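Good morning, colleagues. Please turn to the sequence and the structure on the screen.

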Amino acid sequence: MTTVSIKHKSGRLPELSRDFLWTSKPRKSDLDLLAEYRAMQGFKRKPEKLLTTEEGNNKLAKGEGLYAVGLNLQPATQSGYNVCPCSTKECRKYCLVYTGHNQRNSGYRARAYRTALLMEYPDVFARLLASELYALRRLKGGLAVRMNLLSDLDFHRCTWSEVINEAIGPDSQRYEYTKVKSYFQDTSAKRKVHFTYSARSEKLDPLNGDFIRGILANGYSVAVISKDGYIPGTKFHGYPVINGDLNDRRYDDPKGCFVILKPKGKLAKSNSPFIYDLTK
């Protein structure tokens with residue numbers, strides 16, 4: 001197998017080959033390489049699925065409608081690759097990777113081999129991903145697809161997006177949480193993916209500031225971690241408010257709304273500026 005160049009910008013996906021093709025049935029050579037990467041992290045030398053499904057993620061399982069699937073990579077630079085280009089010190093400290101099943105050693109190693117395979121053999125990863133998404137769509141019908149459960153990569157751009165859309169078909173829905181402001185300036189991205197902006201702190205992202213007000217006015221949602229899980233009525237700064245902990249299906253939210261989330265894990269016991277006090 002030819003090694004694909006991994007020269008790419010930090011925090012961005014590596015490009016796929018110009019002649020990239022995928023098929024519904026995965027190649028044996030791709031499965032063998034996946035098995036090899038798993039073995040390097042101490043797992044049995046056999047391939048496994050790349051995606052996390054409703055059965056393996058409580059948040060994805062909440063809500064009704066499309067069958068939900070997501071990709072769980074090693075966040076920030078924990079794998080040696082930067083998959084969160086706009087992360088802050090606070091979000092790295094209190095990342096969801098430190099909550100629930102994410103904390104298990106097996107979870108850490110699984111995210112590590114997935115991230116390494118993605119960055120070092122992107123064509124292999126994309127072929128496996130596409131065939132897996134295609135199989136799930138045939139089995140479950142339309143899918144709700146979140147490519148960044150713990151990462152913040154640009155799966156909505158270029159060939160990656162085309163491949164994902166082809167595999168999941170027109171009856172599926174893609175959605176993401178992101179801290180990358182430039183994603184909201186990409187006019188083509190809005191047609192492909194429902195984005196929710198993750199507000200970072202009162203200092204960095206004042207909720208009545210120009211950027212937040214601008215993306216709300218353009219129909220995007222803004223996720224806010226609220227002190228004690230406080231939800232300020234039905235409207236805040238003139239925009240609808242919803243409880244984001246009820247489910248993960250942000251594409252069903254009203255356009256231009258605040259998504260209020262409880263602090264979780266270590267964050268719940270902290271005084272981090274990541275947590276907004278909406279009672280003020």
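I shall speak about the cores, one helix, an internal cavity and several individual residues.

Please bear in mind throughout that this is a predicted model.

I begin with the interior. The largest nonpolar core contains 41 residues. Those with the most contacts inside this core are L117, L118, L129, L133, F155 and W160. Six elements each supply at least two residues of the core, namely α1 (28-40), β2 (67-71), α4 (105-120), α5, β3 (143-146) and α6 (158-168). Which element gives the largest share of this core? That element is α5, with eight residues.

L117 may serve as an illustration of the packing. Setting aside residues up to four places away in sequence, L117 touches L33, L34, Y37, P122, V124, F125 and L128. There is also a second, separate core, which has 21 residues and includes Y183, Y239, I260 and Y276.

Let us now consider helix α5 itself. The helix covers residues 122-140, 19 residues in total. From first C-alpha to last, α5 reaches 26 Å, close to the 27 Å expected at 1.5 Å a residue. Directly after α5 comes G141, with a positive phi near 85°.

Two residues of this helix deserve separate mention. The first I have chosen is A126, which is found in α5. Is A126 buried or exposed? A126 counts as buried, because its relative accessibility is 1%, and the cut-off for buried is under 20%. Apart from residues up to four places away in sequence, A126 touches L16, F20, W160 and V163. A126 can also be placed relative to E166: 40 residues separate the two in sequence, and their C-alpha atoms are 12 Å apart in space.

The other residue is R127, also found in helix α5. With a relative accessibility of 12%, R127 counts as buried. Its contacts, leaving aside neighbours within four places in sequence, are with F20, L21, W22, R27 and D30.

R127 brings us to the cavity. How many cavities of 30 Å³ or more does a search of the whole structure find? The search finds one. The volume of the largest cavity is about 30 Å³. Its lining is made up of L21, W22, T23, K25, P26, R27 and R127. By character, these lining residues divide into three nonpolar, one polar and three charged. Of the residues in the lining, L21, W22 and R27 also appear among the contacts of R127. As a general remark, rolling a probe the size of a water molecule over the atoms shows where empty space is left.

I turn next to the backbone, and to two residues with positive phi. A76 has a phi near 50°, a positive value in a residue other than glycine. A76 is placed in the loop between β2 and α3 (89-93). Its relative accessibility is 10%, so A76 counts as buried. C158 is likewise not a glycine, and has a positive phi of about 55°. C158 is found in helix α6. With a relative accessible area of 56%, C158 is exposed.

Finally, I should like to point out three residues outside the helices and strands.

L96 is found in the loop between α3 and α4. At 41% relative accessibility, L96 counts as partly exposed. Not counting residues up to four places away in sequence, L96 touches N102, L150 and K264. What distance separates the C-alpha atoms of L96 and K266, which are 170 residues apart along the chain? The separation is 9.1 Å.

P170 is found in the loop between α6 and β4 (173-178). P170 is exposed, because its relative accessible area is 81%, and the cut-off for exposed is over 50%. Between the C-alpha atoms of P170 and K140 there are 14 Å, with the two residues 30 places apart along the chain.

K269 is placed in the segment after β9 (258-261). K269 is exposed, with a relative accessible area of 81%. K269 and E64 are 205 residues apart along the chain, and their C-alpha atoms are separated by 31 Å.

To close, I return to helix α5. This helix supplies eight residues to the largest nonpolar core, and R127, found in α5, is among the residues that line the largest cavity. Thank you for your attention.

Methods: Residues are numbered from 1 along each chain as its sequence is written. This is a predicted model: local features need pLDDT of at least 70, side-chain atom pairs count only at pLDDT 80 or more; totals for chains, interfaces and linings use all residues. Side-chain values use heavy atoms; hydrogens and water are left out. On a 1 Å grid over the protein atoms alone, a cavity is a set of points where a 1.4 Å probe fits but cannot get out, and a pocket is an open set with protein on both sides within 12 Å along at least five of seven lines; lining residues have an atom within 4 Å of a point. Grid points are joined across faces, edges and corners, and a volume is the space filled by probe spheres set on the points. Ala, Val, Leu, Ile, Met, Phe, Trp, Tyr, Cys and Pro count as nonpolar, Asp, Glu, Lys and Arg as charged, and the others, Gly among them, as polar. Helices (H or I, at least four residues) and strands (E, at least two) are DSSP runs, numbered from the N terminus. The expected span of a helix is 1.5 Å times one less than its number of residues. A nonpolar core is a set of buried Ala, Val, Leu, Ile, Met, Phe, Trp, Tyr and Cys residues joined through side-chain atoms within 4.5 Å. Buried means under 20% relative accessible area, exposed over 50%, partly exposed in between (1.4 Å probe, protein chains only). Contact means heavy atoms within 4.5 Å.
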